[in-house]
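Colleague: I am new to this structure and would like a close look at a single part of it. Please choose one residue, stay with it for a while, and then work outwards to whatever helps to place it.

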Amino acid sequence: MQTEHTGLKRHLKVRHIRLMALGSTIGVGLFLGSASAIQIAGPSILLGYLLAGLVAFIVLRTLGEMAVHEPVAGSFAAYANTYVGPLAGYMVGWGYWSYWIVVGIAEVTAVGIYMGIWFPETPQWVWALSSIVMMGLINLIAVKVFGEFEFWFALIKVVAIVAMIALGGAVILFGFTNDWQPIGLSNLWQHGGFFPNGISGMLLSLQMVLFAYVGIEMIGLSAGEAENPQKTIPMAIDSLAWRILIFYMGAILVILAIFPWNQVGQQGSPFVVMFERLGLREAAGLINFVVITAALSSCNAGIFSGGRLLYSLSSNGYAPKSFSKLSKYGVPHRAVMSTVGVCMTGVVLNYFVPDKAFQYMMAAVTFIGLMVWIAILITQLKFRHSLSQSQVAQLAYRAPWWPYSSWFALAFIALVVVLMGFHEDAWIALIVGPCLLGVYLVMFYVVGLHRKTTIQRQFK
């Protein structure tokens, strides 16, 4: 098995990796983006989360198969470079770096929206700037310290969601805070049925639903800094898949059962509104703190991932050499600072278009994230075909139902990309996303990397 000594410190434990991947996923996609998806699909959004969760699990397992076999810092960008080709590795690496830049901008935009509940007079861009600076400083500390910050950030979200599901369950079953009159589940079908906007409504919501799950693949990026990755990566993936599904399905089910779907999301985060309508205004304030923490957590993970991707690209000769420099704590500090610098464009966006910033960012990040998922699935297919039967039998961690699961996931993602063209807030991503990939394609040829990699292959 091939491994890589990168100079990065292997200080991330199982609990760090579990909560990092979980924290990067439970962010604005659940706390804020779910409201828009519910408005489009109604209660049928539950089916959308279930289908998207299955696809996310398939992607995670295919990535885990490669990450356990070759635990390298560049993860799927490095695998694409090896098993598909240098151009694929280059495009995946830079594309995914762009993804985390957009995630960072989307998350700090969400922080500005949430902080506006408490400080309506303060401009949204002020909170965006403060968030980026704070998260950037945390990422310049040793990775073990970063792991601790992210662990507690994510744990706050998990505890809050579990408490919300428990409280919501008590209201549904026993009528707690509702004069002990059980609410039941009738809201799931009373207001226009389970599919109030038809099957098409559920399908059109899938791009928002998948946005909620995109981010779990960052677990592969942690392989280069994980203690005993052959053990920690499988443990983290197996526990992460069902936890995310329970958190998403459970939280959305509670909201849809307590409130009619057409009243969700009209006043900010549905989680905050739920506690306010239950008469627990103090708890609503606490949940607002939680969702701010959730957004900061995802931004924190985004800067971490972006910095590691720039480091990997630099190590492979696909980015300036200076990005491969490490601080005395084993942190790629120049790559991290450059990632933070580009994230500052989110401050500008929040200054000029604060009302539309979140929608634009969510659409753009979904397209780029789905392209990365497609790349992971295709790379894993190539990876498997490069192995003999005996080598496949020796794989310590294998993707289930292969290759049918991979082809199913590819077809599902392709369907979602097509459906994005029919959504007024998402179609712009079909213009911005391909244009961005086109820029990276031109860069690959302009800087002469195609000639460099061709020569390298000739002398192997």
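Modeller: Let us start from L313, which, once its neighbours within four places in sequence are set aside, is in contact with G89, Y90, G93, W94, Y318 and A319. Please keep in mind throughout that this is a predicted model. L313 belongs to helix 13, which covers residues 281-315, and L313 counts as buried because its relative accessible area is 3%. A further link across the chain is the one to W97: L313 and W97 are separated by 216 residues in sequence, while their C-alpha atoms are 9.8 Å apart in space.

Several of these names return when we turn to the aromatic residues. Y90 and W94, both in contact with L313, belong to one aromatic cluster together with W97, Y440, F444 and Y445. Within this cluster, F444 and Y445 form an edge-to-face pair, with 5.4 Å from centre to centre and 80° between the planes. The two partners differ in how they are covered: F444 counts as buried, since its relative accessibility is 3%, whereas Y445 is partly exposed, at 40%.

W94 also leads us to the interior of the protein. The largest nonpolar core has 128 residues, and those with the most contacts inside it are W94, I45, Y213, L370 and W373. The element that gives the most to this core is helix 6 (residues 86-118), with 16 residues. For W373, the contacts beyond four places in sequence are V55, A56, V59, L210, Y213, V214, I216, E217 and I413. Y213 is therefore worth following one step further, because this residue is touched by L245 as well, and L245 is partly exposed, with a relative accessible area of 28%. L245 sits in helix 11, which runs over residues 229-258, and beyond its own sequence neighbours up to four places away L245 touches Y49, L50, G53 and G250 in addition to Y213. Of these, L50 lies 195 residues from L245 in sequence, yet their C-alpha atoms are 7.3 Å apart.

From here we can look at how two helices meet. Helix 4 (residues 45-69) and helix 5 (residues 75-83) pack at an angle of about 80°, and their axes are 10 Å apart, so helix 4 is roughly perpendicular to helix 5. On the side of helix 4 the contact is made by L63, M66 and A67, and on the side of helix 5 by S75, F76 and Y79. Five of the residues in this contact are nonpolar, one is polar and none is charged.

Helix 5 brings us back to aromatic rings, of which a search of the whole structure finds 17 pairs. In the pair formed by Y83 and F383, the ring centres are 5.2 Å apart and the planes stand at 75°, so the arrangement is edge-to-face. Because Y83 lies in helix 5 and F383 in helix 16, this pair ties together parts that are 300 residues apart in sequence. Y83 and F383 are both buried.

Helix 16 spans residues 357-385 and also holds R384, which counts as buried because its relative accessibility is 9%. Apart from neighbours within four places in sequence, R384 is in contact with E65, V392, L395, R398, A399 and W402. The last of these takes us to an unusual piece of backbone, for which a general remark helps: most residues other than glycine have a negative phi, and most peptide bonds are trans. The peptide bond from W402 to P403, however, is cis, with omega near 0°, and P403 lies in the loop between helix 17 (389-393) and helix 18 (404-420). W401 is found in this loop too, and has a positive phi of about 60° although it is not a glycine. With a relative accessible area of 54%, W401 is exposed.

To set these pieces in the whole, the protein has 20 helices and zero strands, and buried residues make up 58% of its 460 residues. Among contacts with a separation of 6 or more, 81% are between residues 24 or more positions apart.

How values were computed: Residues are numbered from 1 along each chain as its sequence is written. This is a predicted model: local features need pLDDT of at least 70, side-chain atom pairs count only at pLDDT 80 or more; totals for chains, interfaces and linings use all residues. Side-chain values use heavy atoms; hydrogens and water are left out. Axes are lines fitted to C-alpha atoms, for helices over the stretch in contact, and angles run from 0 to 180 degrees between N-to-C directions. Helices (H or I, at least four residues) and strands (E, at least two) are DSSP runs, numbered from the N terminus. Angles under 35 degrees count as roughly parallel, over 145 as roughly antiparallel, 65 to 115 as roughly perpendicular and the rest as oblique. Contact means heavy atoms within 4.5 Å. Ala, Val, Leu, Ile, Met, Phe, Trp, Tyr, Cys and Pro count as nonpolar, Asp, Glu, Lys and Arg as charged, and the others, Gly among them, as polar. Buried means under 20% relative accessible area, exposed over 50%, partly exposed in between (1.4 Å probe, protein chains only). A nonpolar core is a set of buried Ala, Val, Leu, Ile, Met, Phe, Trp, Tyr and Cys residues joined through side-chain atoms within 4.5 Å. Rings of Phe, Tyr and Trp (its six-membered ring) pair if their centres lie within 6.5 Å; planes under 30 degrees apart count as stacked, over 60 as edge-to-face and the rest as tilted.
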